[in-house]
Amino acid sequence: MTALLTIIVLLLVAIAIWQMTKIFELSQVNTDNSQVANDKDNKLNGYLMFGFLIFIYLITIYSFWAWGDVLLGTPASEHGPEYDSLMNISMALIFFVQIVTQALLHWFAYKYKGQKGKKALFYADNDKLEFIWTIIPVITLAGLIIYGLFTWTSLMDIDQEEGDPIIIELYAQQFNWKARYAGEDNVLGQANVRLIDINKNNVIGIDEADSYGQDDIVSQSELHLPVGRKIIFKMRSQDVLHSAYMPHFRAQMNCVPGMITQFSFTPTVTTEEMRMDPDMVQKVQKINKIRAERRANGDDNADAWEFDYVLLCNKICGSSHYNMQMKIVVESQEDFDAWLEGQDTFKQTIAKAE
Ligand SMILES: [Cu+2]
């Protein structure tokens, strides 16, 4: 609301200034009232072009300086570095081209500004030039796209047989996540939203008749993952489009009602290790400094914060979308086994409810 009011006030001030300059102009007698730009106008606009060039360079540098530290930092999955280098190479290329082309664009606008008596040269075309400015982007873009496709294929190559993977279902609904572990047999039992039975605590519709489902384990609070172990996620959605987004692992996949989508990664950094990562330590300090200020002002959201991995929803799925998240704990295989041991299987859950 404050932002809206500020914008309105700024707009009104701008209109007032504009109107005042008009009055000022009208009150001047014997001045050049011509609507045609003269040399002075052209010169001013030429310099303004330069000014704008400096402005966009400065704002780029400032953005890096001010917000460079909110980037994602150390990747926590095996494919993370591969993904990051694709991103970094693309961004470096974009920045390079942007810096060069903007400089040329504004320099030419300045150099060839209008001047009395100066006539534009009629220059129809130049095949050599056109060839150069077509072939360079073609080669660059083809390279990027091929590199991207190779990366995509290697990330999306989900082999169920290879590498002793754990199968986990991520179940999305407005507005929370549930995780289902496949249990001893590592096979998820059949499930369907029509089978949901809240009275029996069957919250994600596991088929009671399917023997594969009996040992499945549903977690409603945390998603635990063993470090160094390949995980295959199967995503399901109960209601609308959601997107399972695990930024620290460079993973995202849409959850689509009526179908199962999947994604796989191997976590490489435990939660404890990530808390000690220098980038992360700095980030946490920065956030806690802001929170300390909030605490001093008596605001809420002021408790000291400790880093945890998160599973977020990255599709705007409704009013509480912003808060649709689940804590992820990456730990050693032993800790993971111990945690899983403490959870009820589907069979036990049903028995308890009866
Ligand atoms: Cu959502």
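Two strands count as paired here if DSSP finds at least two bridges between them. That criterion underlies the sheet visited later in this tour of a predicted model.

**Whole chain**

Start with everything selected. The protein holds eight helices and ten strands. Along the principal axes, its C-alpha atoms fill a box of roughly 95 × 60 × 40 Å. The radius of gyration is 29 Å, whereas a compact globule of 354 residues would have one near 20 Å. Colour by burial next: 18% of the 354 residues count as buried. Among contacts between residues at least 6 apart in sequence, 69% join residues at least 24 apart.

**Helix 2**

Select residues 39–67, which make up helix 2. From first C-alpha to last, this helix of 29 residues reaches 42 Å, close to the 42 Å expected at 1.5 Å a residue. How many of its 29 residues are buried? The count is zero, and helix 2 is hardly covered.

**Annotated spans**

Now bring in the record. An unreviewed UniProt entry places the feature "transmembrane region" at residues 6–24, 44–65, 85–110 and 131–150. Two of these spans can be inspected in turn.

- Residues 44–65: the chain is 100% helix and 0% strand here, with the end C-alpha atoms 31 Å apart.
- Residues 131–150: this span is likewise 100% helix and 0% strand, and its end C-alpha atoms lie 28 Å apart.

**The five-stranded sheet**

Move on to the open sheet, whose five strands run in the order 4-10-9-6-7 with mixed pairing. Which strands stand at the edges? They are strand 4 (222–226) and strand 7 (251–255). Each has a single partner strand, so one side of each is left without a neighbour in the sheet. Look along the sheet to see the twist: on average, neighbouring strands are turned by 20° against each other, direction ignored.

Strands of a sheet pair through backbone hydrogen bonds, either parallel or antiparallel. To follow one such pairing, select strand 4 together with strand 10, residues 325–331. These two strands pair in the parallel sense over five bridges. For a single point of reference, show L223 and its bridge partner in strand 10, I328.

**Helix 7**

Keep strands 4 and 10 on screen and add residues 333–341, helix 7. What does helix 7 lie across? It lies across strand 4 and strand 10, and it runs at about 140° to strand 4.

Notes:
Residues numbered from 1 in each chain as written. Predicted model: local features only at pLDDT ≥ 70, side-chain atom pairs only at ≥ 80, totals over all residues. Helix = DSSP H or I, 4+ residues; strand = E, 2+ residues; numbered from the N terminus. Rg over C-alpha atoms; globule rule 2.2 N^0.38 Å. Buried ≥ 20, exposed ≤ 12 C-beta atoms within 10 Å, placed from the backbone. Contact = placed C-beta atoms within 7 Å. Axes fitted to C-alpha atoms, helices over the stretch in contact; angles between N-to-C directions. Expected span 1.5 Å × (residues − 1). UniProt positions renumbered as here; feature names shortened; annotations may be inferred.
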